[in-house]
Amino acid sequence: MRGSEAVVKCLKAHDVDTIFGYPGGMILPLFEALRKEKDINFVLTTHEQSAAHAADGYARASGKPGVCIATSGPGATNLVTGIATAFMDSVPMVVITGQVPSTLLGRDSFQETDIFGITMPITKYSFKLDRAEDLLPAVQEAFEIASSGREGPVLIDIPKDFFYADVKYKEKKVEKKIDKRPDADFLIYAAEAIDKIMQAERPIVIAGGGVILGQAQEELISFAEKYDLPVVSTLMGIGVFPNNHPLYMGFAGLHGRKAANNAVAEADLIIAAGSRFGDRQTGNLDKYVHNKSFIHIDIDPAEIDKNVHSSIGLAGNMKTILQLLMQRTPVNNVKTWWTMLKNWQKKYMYNYDGSYDVPNVMHYISQTINKKNADFAVVTDVGQHQMWAAQHIKRYKPRTWFTSGGLGTMGFGLPASIGVQLYYKNKRRVVHIAGDGSIKMTGSEYYTMAALNLPIISVIINNESLGMIRQLQKVFYGEKYFSSEFAYKMDYAKYAKSFGITAYNVYSMDDFIEVFSNAIEQNKPQVIIVNISKGFVEPMTRTDSGINTFVDF
């Protein structure tokens, strides 16, 4: 069969039911093969970058590789931001790009670009094909690489003539990998880790996104409950530990809750599970590690000791390791520690007074979407609204919180929402939260949202500025604001309505409560613009100090 038909057959064999992309000359043979395939839903986005973000969202929700396709040249380079976003957050994706025919390679042909070279640093693996017979093995191997070990994006660049080549399709049997039994050295390290946990006076668990990827949330809860350990989450780990659990202290980091940051700063032992100690999590590293020891659990051995030196590093399957750490009877006494923690929780409890500001808006969203029998996912863009959402919207289940953590990609939220909503269908509804700056970047995806009639509720926090940039200019540049405030106003409601979407402007808390409540009742695409004064996200830590030293606004 033709190479293009073999690729589609291979995609079906890997349980691919949805593909995001945008056509172009070099990828058209694959589109022609997809046209004939009724079991795969192809989603045409308005831009290739959005196709990558949508595939990313689909992958984060489903746990299986998202797939996106684009043509050569600008089509391929437009995917780059989406690939890098997935790479930084360890999201499994298979990216297929068309390339000029093999006979024209290296001649600066029309729309020829070395996408293989461009994406080498931001993919887990890239395939550059020299022979048509390598096409099918590459596609088959791509899925295995993307979804094994530390997950990530894999790119396959396919010259156009290979789609027309005669390829023999051969099913590849995928053998389920069985985790190796931990060796004696590993068991000794695990035993030492248990001793450290039981000897610690002020232990704390940091739960990162790796726990979600490792599907180890139940083991993490059991582990924390067994030793009565307080738990904080990273931005990517939100949802892995139920936010209403008595052991949960909140989101910690640059804009983390004060009680959570104090707990991390004063701990004598940090047990980090699936977290890479990113700079927005630690702040000043010297101050962060002072008077502490660390147990680091991660699937990727390369992460152990990369940013923070660990007393004990345990690399491997998260579920297996956490189970190993629960094989002894706990004898630690952390009552004094818990007294300190509860005092901080009480002291820094946020007072939701119903005022018309973003924290109260987020709190209302949280209360509404967490009602009994309600099931929602939250997808954010990047900026102030992202941090307000992380602080004030409670999440109780993994894969109900989606955001761009590592790369911090503005424009991620709306196309990722489309991917998440397409996966969840009617089982879970998406609330998308954006800033007015980010919606300018990929707001054209309201077209896709409307065309597919996806019941996403899109909330735009409109403060007529690039709020986070403005905040940084206040803190670090002496309030000399430049290019962070939009003097020219835009009517976002008219913009959304131009796509046929119902949209509302709100200017008070009563307005928001009424409009959001109505949006929940109506199962269709809706946009709510929260027109709000410029403000600052508090708390914010000082980057040159410990993570419990906060900026005074």
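**Group meeting: a serine in a loop, a helix and a covered strand**

I'll start with Ser 72, which is found in the loop between strand E3, residues 66–70, and helix H4, residues 74–78. Before going on, please keep in mind that this is a predicted model.

Is Ser 72 buried or exposed? Its relative accessibility is 1%, and buried means under 20%, so Ser 72 counts as buried. What does its side chain meet? A polar atom of the Ser 72 side chain lies 2.8 Å from the backbone oxygen of Gln 111. If we set aside the neighbours within four places in sequence, Ser 72 is in contact with Met 26, Gly 98, Gln 99, Val 100 and Gln 111. Gln 111 therefore appears both in that contact list and as the owner of the backbone oxygen I just mentioned.

Next, helix H5, which covers residues 80–88. Its buried residues include Gly 82, Ile 83, Ala 84, Thr 85 and Ala 86. Which elements do the buried residues of H5 pack against? There are two helices in the list, H3 (48–62) and H6 (115–119), along with two strands, E4 (93–99) and E6 (153–159). After H5 comes Ser 90, and the phi of Ser 90 is positive, near 55 degrees.

Now to strand E11, residues 293–298. How many of its residues are buried? The count is 6 of 6, and the strand is mostly covered. Ser 293, Ile 295 and Ile 297 point one way from E11, while Phe 294, His 296 and Asp 298 point the other way. Both sets are buried.

E11 has strand partners to go with that. Strand E10, residues 269–273, pairs with E11 in the parallel sense over 5 bridges. Strand E12, residues 312–315, also pairs with E11 in the parallel sense, over 4 bridges. His 296 is a handy residue to follow here. Within E11, His 296 is the bridge partner of Ala 272, and in E12 the bridge partner of His 296 is Gly 313. On screen, you can step from Ala 272 to His 296 and on to Gly 313.

Last, the loop between E11 and E12, where Lys 306 lies. Which side chain does Lys 306 join through a polar contact? That is Glu 303, at 2.9 Å. For scale, take Lys 306 and Val 358: they are 52 residues apart in sequence and 36 Å apart in space, C-alpha to C-alpha.

That is what I have for today.

Methods:
Residues are numbered from 1 along each chain as its sequence is written. This is a predicted model: local features need pLDDT of at least 70, side-chain atom pairs count only at pLDDT 80 or more; totals for chains, interfaces and linings use all residues. Side-chain values use heavy atoms; hydrogens and water are left out. Buried means under 20% relative accessible area, exposed over 50%, partly exposed in between (1.4 Å probe, protein chains only). Two strands pair if DSSP finds at least two bridges between them. A polar contact is a pair of N or O atoms within 3.5 Å; within protein, one must be able to donate a hydrogen and the other to accept it, and residues adjacent in sequence count only if both atoms are side-chain atoms. Contact means heavy atoms within 4.5 Å.
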